[in-house]
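Hello,

I am passing a structure on to you, and I hope you enjoy looking through it. Below it you will find some notes on what turned up.

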Amino acid sequence: MDKRDYKNIWVYIEKNDEQIEPVSLELCCELRKLCDVTGDKLMAVVLGACPEAELEKVKNCGVDGFIHVEGTGYDYYNTEAYANAFTVLSEKYRPSAIFVGGTVNGRDFAPRFAVRLNTGCTSDAMELVYDEKTGDIEFIEPAVGGKIMAVITLPVLRPQIGTIRPGTFRYEPAGAKADVEHIYERIDFPVEDIRTKILGFTPAESDSQLDISDAEVIVCVGNGLKDEASLGRYRELAELLGGKIGCTRPLFDRGILPYKLQIGQSGVMVKPKLFLSFGVSGAVNHVAGVDAELFVAVNKRADAQIFNYCDYGIVGDMDQVCDAMIAEIKRMRS
Amino acid sequence: MLKILVCVKQVPDIDLVKMDPETGNLVRDGVPSMMNPLDMNALEAALRLKEDMGGEITAITMGPPAAEAVLRECLALGADRAVLVTGREFGGADTLSTSYVIAKAALQLGSYDLIFCGKETLDGATGQMGSQLAERFGSSQVTSMSLIKSLDMEKGSIVVEREVEKGVETIEARIPCLFTVEKTNYQPRLPNYRGKKAARTAEIITLGPGDIEGLDAKLIGVPGSGTIVPRIYPPVLPEAGQIIDEGSAAASAVKLCAILAAEGRI
């Protein structure tokens, strides 16, 4: 394999109920910038039908072209038809890199076709840098629980495959190109060969407390929390401020709060106006998920890394600070 | 008989791994290792299925000789046999090459109707191994599987639930099938004394590179890996924020509230 034979960068356009997933557009915006550096064409790959208005959004992110795949097997997401389509397309067009949104489904099929193509797959990069000397993309991501940043490359194999978490890159459309190329491919995957069938779907109960991605105020508790019984005061503080509660991975691991409240790169990305963090050490992969206007941190350890990310910090017992805040806010309002 | 494979990994307790501020290297000395927490949920799902349907559970891992400890845990909890794939040649492998080796080793010892993996590991956290193993085994796959509802061996199908962003899918998958397991419904059990005692002396099948037939040396370890890590560096920390210190936690909290109120935040 000569990696110089592989050109152009692809983004998989993921749909959900006829709408394009925001992460696909975020990827198009970020990779537009990268392609301007590498000189590659940015191609959007669409499997099955997609409403024209939705494709306009993709165009507006500055893609150079589309690869539209028609055929059987794409009516609902399934590992096999989707992995097959990317294998066939990649063998034919030899892209330098393929990016897939790190949704549950994106993470399901991207590693699978990577193996079929015998190439490497990275996950959850937070930054993409082009190394002109090697021609490789550097996928930069926090590792070992965020204690280090790791640079990952594919020095030999192509295509370079990466899944990227929703919310990692910003949706900042560069505007549509004057000329947009359209390639049409027919790839039929026999429907009877799809080995998984969706029998039903139960939408998640719409518990608004579990949807924190758009919350304006978040009270985030970390591993400093003594036990489940101590959680009540943080709920009260969140309620007082009209906000919601969130947590870090160890609290999910300890079974105290559900996964949907886990903030960070492997959980939810949040962008509140006010973020109050209690007993959080400040690992990079957690704080990477926080884009707050005002960030407050409370931790008993003065050397906790979280203080590097806050606007205001208090070194002290998290429960005491929380209790005093509740009392003071009530007093101020009475 | 139902044949089940459970893939597990020994990981360091990353919350205890520290970084040497001088060298930027990770200090793993004295950091305890354990079974990857989400692999416990995968094993639990397999154990419950075996309790309902009968069958044989094989646990497999790749790692240094010390990784045998997690296999003994699997045996203590009810796995029937355990396979350790170990050898220097396997070191430095990414998921591309690890999935190749594990599948080769497992298939040499038999075939499997169902394969269970944790959703991701604590250390690598790529979450890729499940899908990549499914490709190596040529099986169907259901990632983020949260509940097994029914298994029909005659029909060769299994009905499960799968957690996606907006809800729960009910999926019928053809066997053989690989699952990555959510922790939702599979809280791991604790081993009993008898299990632990038996596991201590149980035989562990150990396979080195020379023991796996037809293993292509170019596809294992570092040479077989698609990705490399050319460098690591400590995270660049922003400037520390303003620390409020009014002498006591309570007094500092009051001051903080005053600042937040003045900034119109509360």
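A good place to start: which domains does the domain assignment of chain A give? The assignment lists domain 1, covering 3-193, and domain 2, covering 208-333. Please keep in mind throughout that this is a predicted model.

The centres of domain 1 of chain A and domain 2 of chain A, taken over C-alpha atoms, are separated by 34 Å. In the contact between them, domain 1 of chain A takes part with 11 residues and domain 2 of chain A with nine residues.

Here is the rest of the picture for chain A. Its secondary structure consists of eight helices and 18 strands. The radius of gyration of chain A is 22 Å, close to the 20 Å that the globule rule gives for 334 residues, so chain A is as compact as a globular protein of that length. Measured out along the principal axes, its C-alpha atoms fill a box of roughly 65 × 50 × 35 Å. Of the 334 residues in chain A, 59% are buried. If you look at contacts in chain A between residues at least 6 apart in sequence, 66% of them join residues at least 24 apart.

On the outside, chain A exposes about 13,400 Å², with carbon and sulfur atoms supplying 47% of that area. Chain A carries 37 positive and 51 negative side chains, and the centres of these two sets lie 3 Å apart.

One residue you may like to find in the viewer is Glu52(A), which sits in helix H2 (residues 52-60) of chain A. Is Glu52(A) buried or exposed? Its relative accessibility is 54%, and exposed means over 50%, so Glu52(A) counts as exposed. From Glu52(A) to Val284(A) there are 232 residues in sequence and 39 Å in space, C-alpha to C-alpha.

Now for chain B. You will see six helices and 15 strands there. The C-alpha trace of chain B spans about 70 × 40 × 40 Å along its principal axes. Chain B has 266 residues, and buried ones make up 51% of them. Among the contacts in chain B with a separation of 6 or more, 70% come from residues 24 or more positions apart. The accessible surface of chain B is about 11,900 Å², and 52% of it belongs to carbon and sulfur atoms. Chain B also has 27 positive and 35 negative charges, whose mean positions are 3 Å apart.

Happy exploring, and do write back with any questions.

Best wishes

Methods: Residues numbered from 1 in each chain as written. Chains lettered and ligands numbered in written order. Predicted model: local features only at pLDDT ≥ 70, side-chain atom pairs only at ≥ 80, totals over all residues. Heavy atoms only, no water. Helix = DSSP H or I, 4+ residues; strand = E, 2+ residues; numbered from the N terminus. Rg over C-alpha atoms; globule rule 2.2 N^0.38 Å. Buried < 20%, exposed > 50% of the residue type's maximum accessible area, 1.4 Å probe, protein only. Contact = heavy atoms within 4.5 Å. Areas by Shrake-Rupley, 256 points an atom, 1.4 Å probe, with all protein chains shown as cover. Lys, Arg positive; Asp, Glu negative; His and termini not counted. Charge placed at Lys NZ, Arg CZ, Asp CG, Glu CD. Domains from an automatic or database assignment.
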